[in-house]
Amino acid sequence: MGGSQGRAPNYSFFLDILASTRVNPPMNITHVSEVGAHDGAVVTLRGWLAGRRSSGKLLFLQVRDGTGTIQCTLFRPSVPPAVFEEAGHLPQESSLMVTGRVQADDRAPGGYEIQVEEVIVVGPSEEYPITPKEHGTAFLLDRRHLWLRSSRQHAILRIRASVVRACRRYFDDRNFTLLDAPIFTPASCEGTTTLFPVDYFGDRIFLTQSGQLYMEAGAMAFGKVYCLGPTFRAEKSKTRRHLTEFWMIEPEVAYLDLEGDMDLAEDFIVTVVAQVLEERRAEIELLGRDVAALEKVQKPFPRLTYGEAIEALRDAGREHRWGDDFGGDEETILADLHDRPVMIHRYPAACKAFYMKADPEDSRLALCVDVLAPEGYGEIIGGGQREDDLEILQRKIQEHDLPTEPFEWYLDLRRYGTVPHAGFGMGIERMVAWLCGIHHVRETIPFPRMLERTTP
Ligand code: 4AD
Ligand code: MG
């Protein structure tokens, strides 16, 4: 054993560590998730000590390597006394290499354990701050770089990875072209009150709030496009649904109207939820989330106009003034009326962004849609049909008190071959919070940025 016992690992051993990151590692080095393929054989696992307990002649090390956690059992008579002694005092989160025989065991969580022959400490860990006892969220967020090692965070962030994969696959499989939008931009897409200004060599520009305007250019070039990237909002609101940096996936399609956009959003959500359920059921269950509620996410989603939504609110005992946008409370009430996402369309134009196309049937309304997730998760998608008429769009930009210069390129899209088009944006973190059944979006992103948090 290395470290204090003076049995320093030899050089060839570290060469093996390096070699094993190659495509064809030496046969005996494996991962926790793959031990089943080595039943009865002697293997080496490389990871971190997640926990330890002893019982007489037995010492149990819980070893985590990122692919899983496995129990590694040391039997005092079977290992050198120095190994048993040091392993018995090894602090939590020490990094280590364990060599031993894989043994099938029905009682073990993954179905296998390791009967240890050798333990080598790679890196020490003194007084790891996150212990199995309860910690407050602020304490954990301050140590987010370490908190990521816990099984709950593994589950959430693996679900996030699957959400992103499913989203991309959805559009990739349907002939959308991935078109990355810039992060630095002179134009505000979602209003001027939530912009983060950046000093760009003496010019004042902004961090993007949405890739949409660039996706509209993309749709006119490629027909169907999407972007996926970080977006920024200087949201002063300290709610469980708001981050200042969040990720959004935004499809945009030429020759699409609002009804087609709603069909796309509905099909997209159903497909993504089904794929994540298939890939990550174990993680969703580990979080204690009600899986049956997610299985109900099937077409068709209820579609209500803004006016119908106001009536539904009134029936539920809440008065809402025509013309005001819905806040978190209204969204929660509306979403709770259904067991699947609900689509609210045709909001008053005055409470929506400048680029929305007016409803030809009632010019006070915008051809837009919000998709609200059930169980109180609120808006996960915002989108709609875009204004495609040059003069109307110019007037809207003025009415919204926006400077025209940064939008000249955007207006070109209406000057040169304008067509009806539509799209939407889905916030990755809100989707993940809903699928995980967790209260706050802060745990759905590896390093959350919020009103009062920019570290670690
Ligand atoms: O409704 P929003 O503001 O729509 C847009 O940005 C459009 N330009 C998108 C488009 O049509 N291409 O934002 C879209 C989604 C919301 O429904 C929500 O899921 C998420 O982005 N979102 C946030 N997520 C976390 N924190 C915030 N502060 C968010 N603001 C919006
Ligand atoms: Mg919105």
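**Entry 1: domains and confidence**

I began with the overall layout, where the centres of domain 1 and domain 2, taken over C-alpha atoms, are separated by 45 Å. The assignment I looked up for the protein chain places domain 1 at residues 11-123 and domain 2 at residues 141-444. I note here that this is a predicted model, so I checked the confidence before reading any side chains. The chain averages a pLDDT of 94, and 94% of the residues score at least 70. For residues 1-6 the pLDDT stays under 50, and I found that the model has 17 contacts beyond four places in sequence for this stretch.

**Entry 2: salt bridges, starting from Arg149**

I then searched the whole structure for salt bridges, and the search returned 31. The pair I opened was arginine 149 with glutamate 93, in which the closest N and O atoms are 2.8 Å apart. This pair links distant parts of the chain, since arginine 149 sits in the loop between α4 (144-147) and α5 (151-172), while glutamate 93 sits in the loop between α2 (81-87) and β5 (95-104), 56 residues apart. I asked myself whether each partner is buried or exposed. Arginine 149 has 29% relative accessibility and counts as partly exposed, whereas glutamate 93, with a relative accessible area of 6%, is buried, because the cut-off for buried is under 20%.

I also looked up glutamate 408 and arginine 415, which form a salt bridge with their closest N and O atoms 3.0 Å apart. Here both residues count as partly exposed, glutamate 408 at 31% relative accessibility and arginine 415 at 33%. Returning to the earlier pair, I found that salt bridges with shared partners join Arg64, Glu93 and Arg149 into one network.

**Entry 3: the surroundings of Glu266**

My next question was which parts of the chain the salt bridge between glutamate 266 and arginine 303 ties together. The closest N and O atoms of this pair are 3.4 Å apart. Glutamate 266 lies in helix α7 (residues 258-286) and arginine 303 in strand β13 (residues 303-305), so the bridge connects parts that are 37 residues apart in sequence. Glutamate 266 counts as buried at 6% relative accessibility, while arginine 303, at 29%, counts as partly exposed.

I followed the side chain of glutamate 266 further and found that it reaches the backbone nitrogen of phenylalanine 301 at 2.7 Å. Leaving out residues up to four places away in sequence, I listed what glutamate 266 touches: Lys299, Pro300, Phe301, Arg303 and Met343. Phenylalanine 301 and arginine 303 are thus both in that list, the former also through its backbone nitrogen and the latter also as the salt-bridge partner.

**Entry 4: ligand 1**

Finally I turned to ligand 1 and asked which of the residues around it come nearest. There are 23 residues around the ligand, and those that come nearest are Glu190, Gln212, Arg233, Glu250 and Glu379. For arginine 233, I found an N or O atom of the side chain at 2.8 Å from an oxygen atom of ligand 1.

I recorded two backbone approaches as well. At leucine 243, a backbone N or O atom lies 2.9 Å from a nitrogen atom of ligand 1, and at glycine 382, a polar backbone atom is 3.4 Å from an oxygen atom of the ligand.

Key
Residues numbered from 1 in each chain as written. Chains lettered and ligands numbered in written order. Predicted model: local features only at pLDDT ≥ 70, side-chain atom pairs only at ≥ 80, totals over all residues. Heavy atoms only, no water. pLDDT = per-residue confidence, 0-100. Contact = heavy atoms within 4.5 Å. Salt bridge = Lys/Arg side-chain N within 4 Å of Asp/Glu carboxyl O. Helix = DSSP H or I, 4+ residues; strand = E, 2+ residues; numbered from the N terminus. Buried < 20%, exposed > 50% of the residue type's maximum accessible area, 1.4 Å probe, protein only. Domains from an automatic or database assignment. Near = heavy atom within 4 Å. Polar contact = N/O pair within 3.5 Å; in protein donor to acceptor, adjacent residues only side chain to side chain.
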